[in-house]
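Me: Please take a close look at a single loop residue in the model shown here, and then set that residue in the context of the whole chain. I would like one connected account, with the reasoning spelled out where it can be.

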Amino acid sequence: MAQPDNKKFFENLTGAGKSIAVLTSGGDAQGMNAAVRAVVRMGIYVGAKVYFVHEGYQGMVDGGDNIKEAKWESVSSMLQVGGTVIGSARCKDFRTHEGRLKAAHNLVKRGITNLCVIGGDGSLTGANLFREEWSGLLAELVQQNLIDEEAAQKYSALHIVGMVGSIDNDFCGTDMTIGTDSALHRIIEVVDAIMTTAQSHQRTFVLEVMGRHCGYLALVSALACGADWVLIPEMPPEDGWEEKMCQKLSATRSRGSRLNIIIVAEGAIDRHGKAITSSIVKDLVVQCLGFDTRVTILGHVQRGGTPSAFDRILASRMGVEAVLALLETTANTPACVVSLCGNQSVRLPLMECVQMTQQVQKAMDEKKFEEAVRLRGRSFENNLRTYKLLAHRKPESELPHSNYNVAVLNVGAPAAGMNAAVRSAVRVGISEGHKMFAVSDGFEGFYKGQIKEIKWADVGGWTGQGGSLLGTKRTLPAKYIEKIAEQMRKYNINALLVIGGFEAYLGIMELLAARGIYEELCVPMVMVPATVSNNVPGSDLSIGADTALNAITDTCDRIKQSASGTKHRVFIIETMGGYCGYLASVGGLAAGADAAYIYEEPFDIRDLQSNVEHLTEKMKTSIQRGLILRNENSNENYTTDFIYQLYSEEGRGVFDCRKNVLGHMQQGGAPSPFDRNFGTKIAAKAMQWITKKLNESYRQDEGRVFANTEDSACLLGMRRRAMVFQPVVQLKDETDFVHRIPKEQWWLKLRPLMKILAKYKTSYDVSDSGQLEHVALNRPRESEATAAI
């Protein structure tokens with residue numbers, strides 16, 4: 001798969017003769033084990049010696065058995081385990097010069113000059129100080145006759161690469177830190193459970209979540225569950241917030257809601273720096289409104305549990321990237337952090353990120369709250385803006401009156417997160433002054449006239465609902481264009497928002513093609529991709545794909561666990577996706593699969609035989625379980641049954657086999673926090689584009705909207721680091737219409753990573769690996785690119 005040039009480049013990055021130590025420090029976070037596993041296996045793969053440092057910096061200071069060489073099998077079965085199996089501790093000794101001197105001695109004794117640190121800003125700052133002092137520490141060790149001059153020369157430079165492991169997502173320069181998504185899963189699981197009991201008793205619940213200095217968890221969970229009020233340290237409420245909050249809660253109840261949810265970050269403060277605790281909020285609600293109110297403090301539940309699919313993939317990508325960064329470092333390379341910007345790996349100077357993070361706290365201390373939000377980054381700013389837009393309804397008198405009617409519909413198979421997108425679109429549309437119409441059952445409901453106005457309160461509580469509450473069908477509009485045009489004329493529809501999968505993409509194209517005949521179709525149209533298959537051209541990600549990945553990962557974990565303590569066993573799992581291998585490939589990476597068979601990467605009987613032999617070799621070690629994923633349409637002859645029978649026969653006497661077809665469980669269930677957030681923000685962005693296009697295409701002399709240009713029918717997709725509107729006409733050349741997939745797919749570059757982590761010899765395309773950037777450059781202007789999710 002990799003280009004010859006890239007392969008050569010990768011082979012130049014040999015780790016032969018190098019030693020890498022990996023440690024986790026500070027607070028634990030789900031996904032740290034996935035990062036450790038990736039560093040160990042990638043390090044061994046390139047020929048380096050890899051060491052565990054147990055108990056963080058304390059283990060480095062104490063030495064002895066705390067620093068052990070890691071083998072390939074040392075990291076087996078740890079991908080799905082929360083916390084950090086190599087231990088983490090806050091270390092006072094390392095803060096002293098004497099402690100760092102001991103640590104340097106322990107590293108030099110083992111020839112370690114490459115350090116991979118997984119932790120928060122304190123841990124990474126400590127690592128950078130250690131690096132800066134390194135030559136001085138070695139000189140002291142020589143003076144004390146603990147090492148000789150030759151060793152000091154040989155190990156003269158210490159290279160540091162950091163990965164941020166923190167559930168608070170409080171580190172500037174990265175969109176998501178390892179552990180944040182899993183913590184959001186824990187919070188949303190609790191919120192969803194609380195909502196049912198709150199509704200039963202008409203209660204108000206005040207939830208306190210972690211975030212002493214950063215309100216990310218509180219803000220995003222509020223966005224993901226549609227909370228009535230949120231309190232965060234970066235943006236304290238205006239004076240008089242108590243009365244406003246109570247008015248908001250009362251108004252929500254008066255519109256028929258049976259519950260209220262208030263989310264408080266543990267570090268929430270008012271404008272004067274006074275703490276706002278969950279108990280203060282509870283007492284306020286009881287005194288002012290007399291509502292039955294309860295407090296739930298989530299505490300360390302947020303740190304625990306199994307890492308989400310997103311965190312496993314993020315940590316695995318970052319772990320591999322960290323090893324590549326260490327192999328490329330020179331004596332002059334600054335210590336760097338590997339992080340994520342949009343969907344892209346980046347490397348940023350460690351101290352630039354730390355300084356930016358410290359500037360946020362400084363701005364908060366100086367009560368420059370707008371500045372603190374801006375410094376948190378694009379993603380945080382966009383979350384806050386979207387939350388304010390959706391949670392707080394303006395009075396009718398303050399709303400603009402546009403006289404535009406906008407219809408929203410779901411098309412194709414249901415996907416978790418569709419309802420969050422519809423809620424967001426409806427509320428943003430109403431805020432922009434439009435009259436919003438909901439179309440039931442996709443294009444089929446459209447031509448039948450199943451269209452009705454939808455109000456602000458109608459979409460309350462939709463965020464956490466799976467499936468499609470509007471109803472969705474795969475029917476395409478071509479046969480019913482005349483009737484659809486008639487309905488658009490009848491309801492005076494001025495713009496369309498279509499949320500769906502490949503059928504939605506085809507449907508927009510068919511409507512566009514009919515514009516020459518029906519002027520009613522000459523209106524702005526935008527499509528938001530929502531499909532578990534993630535097969536829509538023009539977008540790296542689709543609403544619903546993350547929820548499906550989590551369903552696959554959870555099921556694979558359970559299936560693998562079912563074989564614990566038994567003889568050697570291989571599981572063959574069939575995933576959905578049509579001809580698109582995204583779920584099989586990325587699910588395979590998240591679940592620690594040995595192979596994933598997909599349509600995009602043709603395979604034959606020799607490949608199958610090679611995989612069986614590879615598994616047979618692995619089973620001779622301490623590895624007991626194998627996992628094979630197969631995309632449902634990967635090959636018409638090599639079916640799941642065929643592969644199961646082949647493995648059963650060829651593995652006879654070494655391992656036995658079981659098969660499982662996951663089916664529609666991948667499509668069901670409550671949406672993941674990522675899909676709720678993604679659906680909410682992408683639909684809000686789409687509605688704002690519709691408003692802009694409506695104003696541009698309104699013909700004053702005719703008193704109507706007329707939009708007939710290519711750029712008036714767009715798909716809004718996530719491309720690498722940005723959200724981009726692309727005319728659907730321009731996406732035709734990127735599409736394989738026969739197999740309903742994009743011709744080029746970014747995730748194919750992750751497949752060699754899965755193979756490397758499963759101990760296959762393969763070439764890894766490093767053309768897409770991160771290059772060292774500066775934090776300031778990591779912030780495109782809003783006019784150029786929208787905020788990453």
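Reply: In this predicted model, arginine 740 sits in the loop that joins strand E26 (735-736) to strand E27 (741-742). What draws attention to arginine 740 is its backbone, for its phi is positive, at about 55°, although the residue is not a glycine. Most residues other than glycine have a negative phi. The side of the question that concerns solvent can be answered as well: arginine 740 has a relative accessible area of 29%, and because buried means under 20% and exposed over 50%, the residue counts as partly exposed.

Another residue can be set beside arginine 740. Aspartate 441 is likewise not a glycine and has a positive phi, in this case near 60°, and it lies in the loop between strand E13 (435-439) and helix H16 (442-448). Its relative accessible area of 24% makes aspartate 441 partly exposed too. A glycine can be added for reference: glycine 592, which comes just after helix H20, takes a positive phi of about 75°.

That glycine leads from the loops to the interior. Helix H20 (582-591) has 10 of its 10 residues buried, and so it is largely enclosed by the rest of the structure. The buried residues of H20 include Tyr582, Leu583, Val586 and Leu589, and also Gly587 and Gly588. They pack against helices H11, H19 and H24 (751-757), and against strands E18 (569-575), E19 (595-597) and E20 (625-631).

H20 also takes part in enclosing empty space. The whole structure holds 4 cavities of 30 Å³ or more, and the space in the largest of these cavities is about 260 Å³. Of the 20 residues that line the largest cavity, Phe310, Asn343, Leu541, Tyr582 and Phe674 are the closest to its centre. Two or more lining residues come from each of helix H11 (309-328), helix H19 (545-561) and H20, with H11 giving the largest share, 5 residues. By residue class, this lining divides into 15 nonpolar, 3 polar and 2 charged.

The largest pocket, which is a separate kind of space, contains about 920 Å³. It is lined by 34 residues, and those nearest its centre are Arg90, Gly120, Asp121, Gly122 and Asp170. Helix H5 (121-143) and helix H12 (350-365) are the elements that give two or more residues to this lining, and H5 gives the most, with 5 residues. Here the division is 9 nonpolar, 14 polar and 11 charged.

Finally, the chain as a whole. The protein has 24 helices and 27 strands, and its C-alpha trace spans about 90 × 70 × 50 Å along the principal axes. For 789 residues, a compact globule would have a radius of gyration near 28 Å, and the value of 27 Å for the protein agrees with this. Buried residues make up 63% of the 789, a group to which all 10 residues of H20 belong, whereas arginine 740 and aspartate 441 are each partly exposed. Of the contacts with a separation of 6 or more, 79% are between residues 24 or more positions apart. The accessible surface comes to about 29,700 Å², and carbon and sulfur atoms account for 47% of it.

Methods
Residues are numbered from 1 along each chain as its sequence is written. This is a predicted model: local features need pLDDT of at least 70, side-chain atom pairs count only at pLDDT 80 or more; totals for chains, interfaces and linings use all residues. Side-chain values use heavy atoms; hydrogens and water are left out. On a 1 Å grid over the protein atoms alone, a cavity is a set of points where a 1.4 Å probe fits but cannot get out, and a pocket is an open set with protein on both sides within 12 Å along at least five of seven lines; lining residues have an atom within 4 Å of a point. Grid points are joined across faces, edges and corners, and a volume is the space filled by probe spheres set on the points. Helices (H or I, at least four residues) and strands (E, at least two) are DSSP runs, numbered from the N terminus. Ala, Val, Leu, Ile, Met, Phe, Trp, Tyr, Cys and Pro count as nonpolar, Asp, Glu, Lys and Arg as charged, and the others, Gly among them, as polar. Buried means under 20% relative accessible area, exposed over 50%, partly exposed in between (1.4 Å probe, protein chains only). The radius of gyration is taken over C-alpha atoms; the globule rule is 2.2 Å times the number of residues to the power 0.38. Contact means heavy atoms within 4.5 Å. Accessible areas come from the Shrake-Rupley method with a 1.4 Å probe; for residues, only the protein chains shown count as cover.
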